[in-house]
Each structure stands twice: as C-alpha cells, then as structure tokens.
Amino acid sequence: MQRSLVGSEMCIRDSFITEATNAEIESFGETNGINVSTESIKHIGNIKTRRLIKLLSSTNNIATFMRKASRTKTSLLRRYGVNAQINENNELVLPTNNVVELNRALEFLNEDIFRGAITDSLYRSNSKKKDNH
C-alpha cells in the first residue's frame, strides 16, 4: 500500500484517509491493550496524529503487538526508539505529553518505521508495498 499526502488527506492507493474525529479518538482509547488519555490526544494531537489513529484503527496491529511476550514488547519499543511503556496490567501506555513522542509510537504501531538490514539504521517508511521475495 503506497502513501502520499494530497492536500489535507493521506492517499493510500485509491482511497483517502482523513483525520480521526474526536469520537474516533475516544473509540481508539477504548482499544483493548492500550492505556492512553484521549483528552490529551485531542489537546496535543495534530493532523498527523489524527491520520495515524485513523489508519491504525483499521488494523489489528495493536492486538498483534499485545500478544507478544512482555519482554519482547519492551525490547521492540526500545529497539525502535519509542517512548512508551508496558504497565503492570500488561497494557501499552502511549505517551501523551509530547506530540512527537506520541506520533512516533503511532508510527511504530502502524509499522511505518523500519530498520535497515545492512546498517541497522532506523527509517520512516513511505510505502506499505510488501516485498514478496
């Protein structure tokens, strides 16, 4: 799936992703496995935040991530430079005091960050086209 910005919408192939509404942010906050202040998201979030939430809400990425072992989740968060925690209830606590950190966590959950195989450097993805090799 390929992404590009078109005006105030994010284009994914032939469909357009608009920003999540306040109601959709509230619904996102009720996602099983995460702990997040939706009021904080609505206060600090920007267009990118709302688009990432809209995209993430249409996937099973959070559920897939939360099925991983606790040590694996913590290791992945650290490895990809995401400032989020796993709390005592085994929930992913998203950072809501800084929009850059929140967006980074949302990009991670959307699989928009990848690590280069040769240099081990982190990159932001601009494509969801799968490599079938």
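In this predicted model, K42 pairs up with E26 in a salt bridge, and the closest N and O atoms sit 2.5 Å apart. The bridge links distant parts of the chain, since K42 belongs to helix α2 (residues 38-44) and E26 to helix α1, 16 residues apart. As for how much of each partner shows at the surface, K42 comes out as partly exposed, at 22% relative accessibility. E26 is partly exposed too, with a relative accessible area of 28%.

Another pairing brings R51 together with E19, this time with 3.3 Å between the closest N and O atoms. R51 lies in helix α3 (residues 47-56), while E19 is found in the loop between β3 (15-17) and α1 (22-29), so this salt bridge ties together parts that are 32 residues apart in sequence. Here the two ends fall into separate classes: R51 has 7% relative accessibility, and because anything under 20% counts as buried, R51 is put in that class. E19, with a relative accessible area of 25%, is partly exposed.

Then there is D120, which forms a salt bridge with R115, the closest N and O atoms being 3.6 Å apart. D120 counts as partly exposed at 38% relative accessibility, whereas R115, at 18%, counts as buried. Salt bridges can also share partners, and in this way E26, E39 and K42 are joined into one network.

Counted over the whole structure, there are eight salt bridges. The general idea behind such pairs is simple: side chains of opposite charge can pair when their charged atoms come close.

Key: Residues are numbered from 1 along each chain as its sequence is written. This is a predicted model: local features need pLDDT of at least 70, side-chain atom pairs count only at pLDDT 80 or more; totals for chains, interfaces and linings use all residues. Side-chain values use heavy atoms; hydrogens and water are left out. A salt bridge is a side-chain nitrogen of Lys or Arg within 4 Å of a carboxyl oxygen of Asp or Glu. Helices (H or I, at least four residues) and strands (E, at least two) are DSSP runs, numbered from the N terminus. Buried means under 20% relative accessible area, exposed over 50%, partly exposed in between (1.4 Å probe, protein chains only).
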